[in-house]
Amino acid sequence: MRFVVFVKQVPDTTLIEVDENGNLRRAGVPSILDPCSEHAMETALGLRSEGDVVTAVTMGPPQAESALRRCLEIGADEAFLLSDRAFAGADVRATARALSAFVERFAGDATLLLFGRQASDGDTGQVPAEVAEMLGREQFCYSTKVERAGDAFRCTQDYGDEIRVCSVPSGSVVSVSEGDVNRRLPSIERFMAVRNMTVTVLGRIDLGLGNFSVGMNGSRTRIVESRNVRSVRSGTVIDGSDPVGAAAHLREVL
Amino acid sequence: MGCESCTDGSCQSEEKGGLPPGMLQRYRLGVDRSDGFLVWIETERDAEGNIRVCDHVKELLGKIRQMDGGRSRVWGVIFGHLELKPLYPELYAHGVDTLYEVHDRVLSTFHPEAYADNLAQIIVRTEPAVVLFGATPRGRELAPRVAARLDAGLTADCTELALSDRDLLMTRPAFGGNVMATIRCTSFPQMATVRPGVFPVPEPFREGKGTVIYWQSTCRILKDIISSEIKRDSGEDITKARILISLGAGVKRESISVAESLARKLGGTVSCSRKLVEKGWFNQSRQVGQSGKTVAPDLYLAFGISGAVQHLAGIGLAGRVIAINRDANAGISEVADEIVVGDANAILRELERSL
C-alpha cells in the first residue's frame, strides 16, 4: 500500500508580531511544517504496516524542502517537492491542478491521499476537495480518525453537529483534522539517516502541465486589494487589583 | 434503465454528458448571458428533529437582496424528499424565485459527491453569475468540489460581499485576521463560501410564492455510511449570543461553573479560547478564533485570554470588547475597548456574586 501525504510549509503564526502600524512583521519568522500537515503525516504513519510506503509531497519554493526533511525525520519513506517559478501565485484551483497532476503521473496507485484539514496561515482547506474532484475520487473531509478495516479503511468524520463513520474505498482523498498529540519523537539514528536521503524536485514540465494551467495563469481568482485591518480601539486601562471594585465597574458597564 | 421519469426510454439522461429532456443545446458558462444568484439551501434538524432552513441561508438571501435591490433572479438548490415541502413558503418569502429540489430520499443525508454532481448540473442549466454557500463544514466540503467540476474560481470564508457591475467582490480575512483581502473571480460562475453570522438574518419581505422544479439525481456515487450520530450540544450557539463570557488559559477550572452561572444571570453564553479546548475543558463548538468560530456579540468579556492573532480573528465583529487580564499589554489589549488589569478568577467570582 502507498500513502501519499500532502503537506504545507507555513510561517510560524504563533511567532508573528504586529508592529505599531498594524503591519505584519513577517521577516525573520521561521517556517515550519504546518501542524495540520503533521497530523496527516501521523495518520499515515499510524496506518503503515510492513512493506507500505509513505510519500510526502509539497508544492512551494525551494526552501520548502526543509518541511519535507521534517516529514522524512518523522518517518516518511520518500519526499517530492513540486517547485517551479511558474507555480508562483497559485490559488486553490491552480494548486489542486498541480497536485492532481502529480498523483496522475507519480502516484496513481496510492491507497490513500491524505491532507491536513487547513493550513494555519490563512489557507482554507479547499484544496483536498478540488483534488478529489479533479481525480474523480471520493472525499472524506474533517476526519478525526482513520483506521484499517481489513483491506479497506474506515474513517470517522466530525461535521460539528454530526459524527459519522464511513468506509473509505481505496484511492480516496482524506483530510485529517486531528492528530495524536502524544506522538513519538524521531530518533537520533533517523535524524542521521535522513541527511543522506534525497528530496526529488519536480517542475512544471515533469508534471506534464501547460503554462496556462498552473500558477497565476491557472488561477481563477485575483486579489484586488488587501489592507491591514488591525483596528485600534480606545483601550482604556483600568486597575483591577481590587476584585470587588473591578466587579462593580463591570456591573456598571453591563 | 434510462431516466426514471420517462417511460419510452427516449431520454438519455443516464448517459454522462447527455442533455436533460427538452433541452436542445447545453449552455456554456463564462459568457455574458450569465446572470443571477444561486444558493445552496442547507437544512438542519432542530432539537425536536424537525427539518429547518439554516439561518445562514436567510442571511445570504438577505445580502443578495441588499446588494442588487432584488433585480436579479435567485435560484435555490435543496436536497431531500417530501419533508422539504413545508420549507417552500419561507424560502420564497426570503427571496428565492426558483427552487430546484433534488428529489431523492437518499440525498436527505449529506453525500458530497452526489450533491456536487447535481449542483454542477443545475448550475450549467441555470447559468448563475454567482454561486454562494455557507462556510459551514458541509458547505466548505461541497463548494470546492463543485468549483473544480466547473473550473470556476472560489473564495472561501468571505465576511463581506459587494457587487461591482456583474463582478462580485469578495472580502475575506487572511493571516489570522490581520489583513482583509478583497478577491475577484476571473471566470463565471463566481463562487464563494460565506461565514455564517456575518450578515443579519432578515425578516421575510414578501408573500411566499415561487416555482419549484424537481430534479432527478443521476449520480450513483454514494458514501457507504456505517454509522451516524447526531450531536446534541448542550449549550447554545456561541455565534448567535448577544453576550459572550469567554475564558482563556488564565482562568482556573473552578471558574468554569462560575462563568456558567454568570452567563445564566446575564442571558449570555460561555465561550473559550483554543487553549481550553486543548485541555479538554470545553467542546470545540465553544471555541472562538480562526480554527473555531467567528462571533459577533454586542459584548465580549474576555477573562484571562492573552489574545493570539488567531483568537482575535474570531472577535473582529464583536461590538464591545472588555478584557480582564493580568497583563495590560497582552495581545487582546489591541482590540479591547477596556482592559481591566487584575486577577480574572477573582473578578469573575466577584461579578457573579454581586449580580
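This dialogue goes through the interface of chain A and chain B and a sheet that the two chains share.

Biologist: What kind of model is this, and how are residues and chains labelled?

Modeller: The model is predicted, so local features need pLDDT of at least 70 and side-chain atom pairs count only at pLDDT 80 or more, while totals for chains, interfaces and linings use all residues. Residues are numbered from 1 along each chain as its sequence is written, chains are lettered from A and ligands numbered from 1 in the order in which they are written, and side-chain values use heavy atoms, with hydrogens and water left out.

Biologist: How many residues does each chain give to the contact?

Modeller: Contact means heavy atoms within 4.5 Å. Here chain A gives 70 residues and chain B gives 79 residues. Buried area is the accessible area (1.4 Å probe) that two parts lose on being put together, summed over both. Between chain A and chain B that area is about 6500 Å², with 52% from carbon and sulfur atoms.

Biologist: Which salt bridges join the chains?

Modeller: A salt bridge is a side-chain nitrogen of Lys or Arg within 4 Å of a carboxyl oxygen of Asp or Glu. The whole structure has 30 over all chains, and the count between chain A and chain B is 7. Among them are R145(B) with E133(A), at 3.0 Å from N to O, and R220(A) with D151(B), at 3.6 Å from N to O. In the latter pair, R220(A) sits in the loop between α6 (215-218) and β14 of chain A, and D151(B) in the loop between α4 (137-150) and β7 (154-158) of chain B. Helices (H or I, at least four residues) and strands (E, at least two) are DSSP runs, numbered from the N terminus.

Biologist: What is the order of strands in the shared sheet?

Modeller: Strands of a sheet pair through backbone hydrogen bonds, either parallel or antiparallel. Two strands count as paired if DSSP finds at least two bridges between them. This open sheet of 6 strands runs β15(A)-β18(B)-β17(B)-β16(B)-β14(B)-β15(B), with parallel pairing. Its edge strands are β15 of chain A and β15 (269-272) of chain B, each pairing on one side only.

Biologist: Where do the two chains meet in the sheet?

Modeller: β15(A) pairs with strand β18 (residues 338-341) of chain B in the parallel sense, over 4 bridges. In that pairing T236(A) stands opposite E338(B). Within chain B, strands β16 (residues 299-303) and β17 (residues 320-325) run parallel and are joined by 5 bridges, with L299(B) opposite R320(B).
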